There are 2 protein chains.
Amino acid sequence: MEAKLLQSYTQEELRAALRETKEAYEAFQAKQLSLNMARGVPGSDQLDLTAAMLDTLSADSDPVSEGGDVRNYGVLTGIPEAKKLFADILGADPDEMFIAGNSSLELMFTCLQIAFVRGIAGCQPWCRQEKIKFLCPVPGYDRHFAVSGYFGAEMIPVPTDENGPDMATVKQYVENDPAVKGIWCIPIYANPTGIVYSDETVRAFAALKPAAKDFRIFWDNAYVIHTLTDQPAKPLTINQACAEAGNPDIFYQFMSTSKITFPGAGVAAMNTSKTNMQEFVKAIGIMTIGYDKINQLRHVRFFGNADNMRAHMEKHRALLVPKFNTVLNTLEKEIAPLGIASWTNPKGGYFISFNAPKGTAKRIVQLCKEGGVTLTGAGATYPYGNDPDDSNIRIAPTFPTVEKLAQAMELFCICVKLAALEQLAK
Amino acid sequence: MEAKLLQSYTQEELRAALRETKEAYEAFQAKQLSLNMARGVPGSDQLDLTAAMLDTLSADSDPVSEGGDVRNYGVLTGIPEAKKLFADILGADPDEMFIAGNSSLELMFTCLQIAFVRGIAGCQPWCRQEKIKFLCPVPGYDRHFAVSGYFGAEMIPVPTDENGPDMATVKQYVENDPAVKGIWCIPIYANPTGIVYSDETVRAFAALKPAAKDFRIFWDNAYVIHTLTDQPAKPLTINQACAEAGNPDIFYQFMSTSKITFPGAGVAAMNTSKTNMQEFVKAIGIMTIGYDKINQLRHVRFFGNADNMRAHMEKHRALLVPKFNTVLNTLEKEIAPLGIASWTNPKGGYFISFNAPKGTAKRIVQLCKEGGVTLTGAGATYPYGNDPDDSNIRIAPTFPTVEKLAQAMELFCICVKLAALEQLAK
């Protein structure tokens, strides 16, 4: 296919291109590729970076933290050294930290669960309120949407740009509708767009005057130190902004080491005001006898401090940049000349967000699947799986090797062209 | 105080004994003991038994289970080797196992949460049902009661004897009242009584025909292999009994390694029918990205098989028997002659259940506390903390050294006498 804008093709050229692309696709199918790129999964070379953490605690180690013997019961809110470590990463107060098990999603879920079952901030439990709503900046993270959907929330998509969610829309909903109980935010290297919220956006969040006393910002800082450049994003922190705005109880902030150490054996952390924390701990003390404190200590001993954790991310970056470049270079070479799609060039995080020609995302994902590459489902980045333009596709380049990824992207570009040509050729 | 039945004392003798016991108590207070016996916490010598588990996985280990690389995402229901290990302990089907993180209480909580928020077995969620009730065999485990209380259940105490809960009462409630949604059971070495449910009791549970389709038996097998004798209890398993009764969906069964390996870094497991499991996994897939699989593999590599896990419990037994004997011998010597109290002589588990003279349990716990020994709160073994006789006290002998425990029991006996004498002496 020649390198000119697809819109300038004649029908004859389109039909020829369609035939040509179909042949290329069928040739690819014959290769019987089998690759899963559905989720943001670290490669095994990334996991090897943390291998030495398994040596930090052995039979002969002193198993005692400032909180006591980590092997025994107790210390529900996490060992003090881990609170300090994660607080330093978030720029937060160690006394406003909760350290948990392997999943920050579970901490988010638990915050919603407490509000739903018991109620927070003196409000009726959500299960006894007539209706609850959640704001969902789009494109966003499907697992967030699944959590609010689980609790029966009506989910309202909010457009985002390079500075974050459209704050006029957010303010309009949050300040006028008492059924609006939360908003899902990924403030740094967002999933899937890679954007970093501007300080102005963060301040606008902190200044919200919610109609509902039990409204909370769910600030999922999953990629807080996951930079792909040598100039890490350092936006205003939500905790500082909310403190300055005299609005300290409006947020819960989350992070985890899933993509720092091990997705299968990491540590999750939550940061929120002392008032919120008190309410949270009271409920969680009923829910569990506590989280794995040995693994918390393992993380503390492996990193020592926040600077070392940031330095560790440099090693991830070295492995990830070639993969992101493989995706971007292939798209630049194969798709850019056709003028049919746009995509992000993220400075961090785990994803490239690809906007295909309207009405083709589902078809592209289907074609890729039948060609041997499983992508995130089309629509997954929208609540209810409903992308009104059927356009957004999340590309997750981290798991395959560069070689496999190059193959997968070759297929992806063929599928994008094929879907576009199917639409245009009469 | 002479060794004769307290009821045969004259008033003069009672007053003399009261003075004498008060003096002994005050002498004890002067020692400024400080000991917490509130919960069933393993001693650090018990934790040392598992030290070598920390060496099973190091930087050089192969981190792969039959489920794949345990360091990465995935395998939500637990690694296959761990399912096999825990299934063998419970006499269950590995395909009917779910392996989680550090807390089996959290698994129980989650089962209630799913029923409350989403509903199970095609029923309305509990949050939309007018009223829910839970049966609570007494004396029982305060954290069970706290979980059902959290979800607003009305809790109904059910008497127990040496064979388990009174099954006529259980049947009456379960089969006639559709608001009854669950019952808390600790079938082996129950907390706090140490009883083992008879096979007849297990069969009666399996044969229940609940009025509510979403009624479930919460079978907390926390002490399944925690024997204190060389003749471990091997009662009929609930899974086998329910299968035989054609009632496979009526139970959830739980266990954990909290008191096998580390309370602060163990593995919890659930066993239930494939139908229940499917419903459970669907919900939990929204709640979390998964549990610590490295720690699951650590447990698998440390034990290898169920027989080795049982053999490991022999080492716990060797450390625990002297502690239980210290309690029993002191009670036998100091309290038995007075004929004012009764207590259990458990064949396993973590507790001795002590029945003080009616109306004195709160006073005894208070006296102990002021004497430097914190016991489980009086009433904790009853729902709402309400022991109608104010009699039952749970003694947890595992955490202190034998020497400290001997001191604590000396104080305890003084406090029992003092409270009894305060009641009797005019």
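This passage walks through a predicted model, from the overall build of chain A to its contact with chain B and then to some local details.

Chain A first. Its secondary structure comes to 13 helices and 15 strands. With 426 residues, the chain has a radius of gyration of 23 Å, close to the 22 Å given by the globule rule, so chain A is as compact as a globular protein of that length. The C-alpha trace spans about 75 × 55 × 35 Å along its principal axes. Buried residues make up 56% of the 426 in chain A. Contacts also reach a good way along the sequence: taking those between residues at least 6 apart, 76% join residues at least 24 apart.

Now for the interface. Here 47 residues of chain B are in contact with 47 residues of chain A. On the chain B side, α2 (44-48), α4 (104-117), α5 (142-150), α9 (274-287) and α10 (293-303) each supply at least two residues. The largest share, 6 residues, comes from α4(B). By type, the residues on this side of chain B divide into 27 nonpolar, 13 polar and 7 charged.

Within chain B, an open sheet is built from 8 strands in the order β4-β11-β10-β9-β8-β5-β6-β7, with mixed pairing. The edges belong to β4 (97-99) and β7 (164-165) of chain B; each has a single partner strand, so one side of each is left without a neighbour in the sheet. At the β7(B) edge, the pairing with β6 (residues 154-161) is antiparallel and runs over 2 bridges, and B:Asp161 stands opposite B:Gly164. Two of the interface helices turn up again on this sheet. One of them, α5(B), lies across β5 (133-138), β6 and β8 (180-185) of chain B, at about 155° to β6(B). The other, α9(B), lies across β4, β10 (251-256) and β11 (268-272) of chain B, running at about 130° to β11(B).

Another piece of chain B packing involves its helices α1 (residues 11-30) and α13 (residues 402-424), whose axes come within 9 Å and cross at roughly 145°. The crossing of α1(B) past α13(B) is left-handed. On the α1(B) side the contact includes B:Leu14, B:Leu18, B:Tyr25 and B:Phe28, and on the α13(B) side it includes B:Leu411, B:Ile414, B:Leu418 and B:Leu421. Counted by type, the residues of this contact come to 11 nonpolar, 1 polar and 3 charged.

Back in chain A, strand β10 (residues 251-256) has 6 of its 6 residues buried, so it is largely enclosed by the rest of the structure. In a regular strand the side chains alternate between the two faces of the sheet. From β10(A), A:Phe251, A:Gln253 and A:Met255 point one way and A:Tyr252, A:Phe254 and A:Ser256 the other, all of them buried. Strand β9 (residues 216-220) of chain A runs parallel to β10(A) and is joined to it by 4 bridges, with A:Ile217 opposite A:Phe251.

Helix α10 (residues 293-303) of chain A is mostly covered as well, with 9 of its 11 residues buried. Among these are the charged-type names A:Lys293 and A:Arg298, alongside A:Ile294, A:Leu297 and A:Phe303. The cover includes β2 (64-65), α3 (80-90), β4 (97-99) and α11 (306-334) of chain A, together with α10 of chain B. Just after α10(A) comes A:Gly304, with a positive phi near 75°.

A few backbone oddities are worth a look. Most residues other than glycine have a negative phi, and most peptide bonds are trans. In chain A, however, a cis peptide bond joins A:Val138 and A:Pro139, with omega about -10°; A:Pro139 sits in the loop between β5 (133-138) and α5 (142-150). The bond from A:Asn191 to A:Pro192 is cis too, with omega near 10°, and A:Pro192 lies in the loop between β8 (180-185) and α7 (199-206) of chain A. As for positive phi, A:Val75 has a value near 55° and is buried, with 21 other C-beta atoms within 10 Å. A:Tyr384 has a phi near 60° but counts as exposed, with 12 C-beta neighbours inside 10 Å.

Notes:
Residues are numbered from 1 along each chain as its sequence is written. Chains are lettered from A and ligands numbered from 1 in the order in which they are written. This is a predicted model: local features need pLDDT of at least 70, side-chain atom pairs count only at pLDDT 80 or more; totals for chains, interfaces and linings use all residues. The radius of gyration is taken over C-alpha atoms; the globule rule is 2.2 Å times the number of residues to the power 0.38. A residue is buried if 20 or more other C-beta atoms lie within 10 Å of its own, exposed if 12 or fewer, and partly exposed in between; C-beta atoms are placed from the backbone. Two residues are in contact if their C-beta atoms, placed from the backbone, lie within 7 Å. Axes are lines fitted to C-alpha atoms, for helices over the stretch in contact, and angles run from 0 to 180 degrees between N-to-C directions. A crossing is left-handed if the near helix is turned anticlockwise from the far one by less than a right angle, and right-handed if clockwise. Two strands pair if DSSP finds at least two bridges between them.
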